[in-house]
Amino acid sequence: MDTITKAKKAAGEKAAALVQPGMLVGLGTGSTAYWAIEKIGQMVKEGLNIRAVATSVASEQQAKALGIPITSFSEIQQLDIDIDGADEVSEDLQIIKGGGGALLREKIVAHASRRKVIVADERKYVKTLGKFPLPVEIIPFGWELVFKSIQALQGSPTLRTREDQPYITDNGNYILDCKFGAIENPEQLHHHLKAMTGVVETGLFINLKPTVIIAYENGEVKTI
Ligand SMILES: O=C(CO)[C@H](O)[C@H](O)COP(=O)(O)O
């Protein structure tokens, strides 16, 4: 296992240790959240009694394969804890997510959780957001209009593709990856984008007040 994968595993496992018996747990998406889900799966096998809501089809499949009981918002109102990855976390704990395409469900789950835990390796921890292109989930119909509106905002959008076709989210939408450069005011940018008809959600996770677990390649793990 390379040092970055080890760091992701360490962050994920540290977060999983916060899960207590009886909790309702949000399961994130991506290669760091993956390790938290693996660890929670192991804890369930050892007798931990929890229920979980997953933020993507992929994470739900992983959880089910591990025997983690899955529930939904038709049965529950709120989660106790959500453990998820990030593409960037700034020093003031604003976050870009959506590199894995799950930002909409991730935001719904994060907002439904009393405690939000973000797990990341050291490369994601930055002074200012914006090096990572901001994912924006949009409705496929008329997507070109949103594309042009984001161009006009100097967002330099690219339609995300997979095998030369538009990438389709779990919700049937498209994603524009937008290069705004340094994002000095994430809250303002989020509101500008959300006001565009056709934008479903942005990858800016603002003012979540998360617990952030950063794992370093040298083996250190810090909670911020
Ligand atoms: O937001 C996400 C998926 O939509 C992921 O949490 C984010 O992309 C980080 O993924 P990874 O841990 O694989 O770097």
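**A ligand shell and three helices**

Me: How many residues of each class does the shell around the ligand have?
Reply: Ala, Val, Leu, Ile, Met, Phe, Trp, Tyr, Cys and Pro count as nonpolar, Asp, Glu, Lys and Arg as charged, and the others, Gly among them, as polar. This is a predicted model, in which local features need pLDDT of at least 70 and side-chain atom pairs pLDDT 80 or more, while totals for chains, interfaces and linings use all residues. Residues are numbered from 1 along each chain as its sequence is written. By class, the shell has four nonpolar, 10 polar and four charged residues.

Me: Which residues come nearest to the ligand?
Reply: There are 18 residues around the ligand (C-beta atom, placed from the backbone, within 6 Å). Of these, the nearest are Gly30, Thr32, Gly85, Gly99 and Gly100.

Me: How many helices and strands does the chain have?
Reply: Both are DSSP runs numbered from the N terminus, helices (H or I) of at least four residues and strands (E) of at least two. The chain has six helices and 16 strands.

Me: Are H2 and H3 roughly parallel or roughly antiparallel?
Reply: Helix H2 (residues 33–45) and helix H3 (residues 57–66) have axes 9 Å apart, at an angle of about 25 degrees (lines fitted to C-alpha atoms over the stretch in contact; angles from 0 to 180 degrees between N-to-C directions). Angles under 35 degrees count as roughly parallel, over 145 as roughly antiparallel, 65 to 115 as roughly perpendicular and the rest as oblique. H2 and H3 are therefore roughly parallel.

Me: Which residues of H3 are met by H2?
Reply: Contact means C-beta atoms, placed from the backbone, within 7 Å. From H2 come Ala33, Tyr34, Ile37, Gly41 and Val44. Their partners in H3 are Ser59, Gln62, Ala63 and Leu66.

Me: How are H1 and H2 oriented to each other?
Reply: The axes of helix H1 (residues 3–16) and H2 come within 7 Å. These axes cross at roughly 45 degrees. The two helices are therefore oblique.

Definitions and conventions. Contact = placed C-beta atoms within 7 Å.
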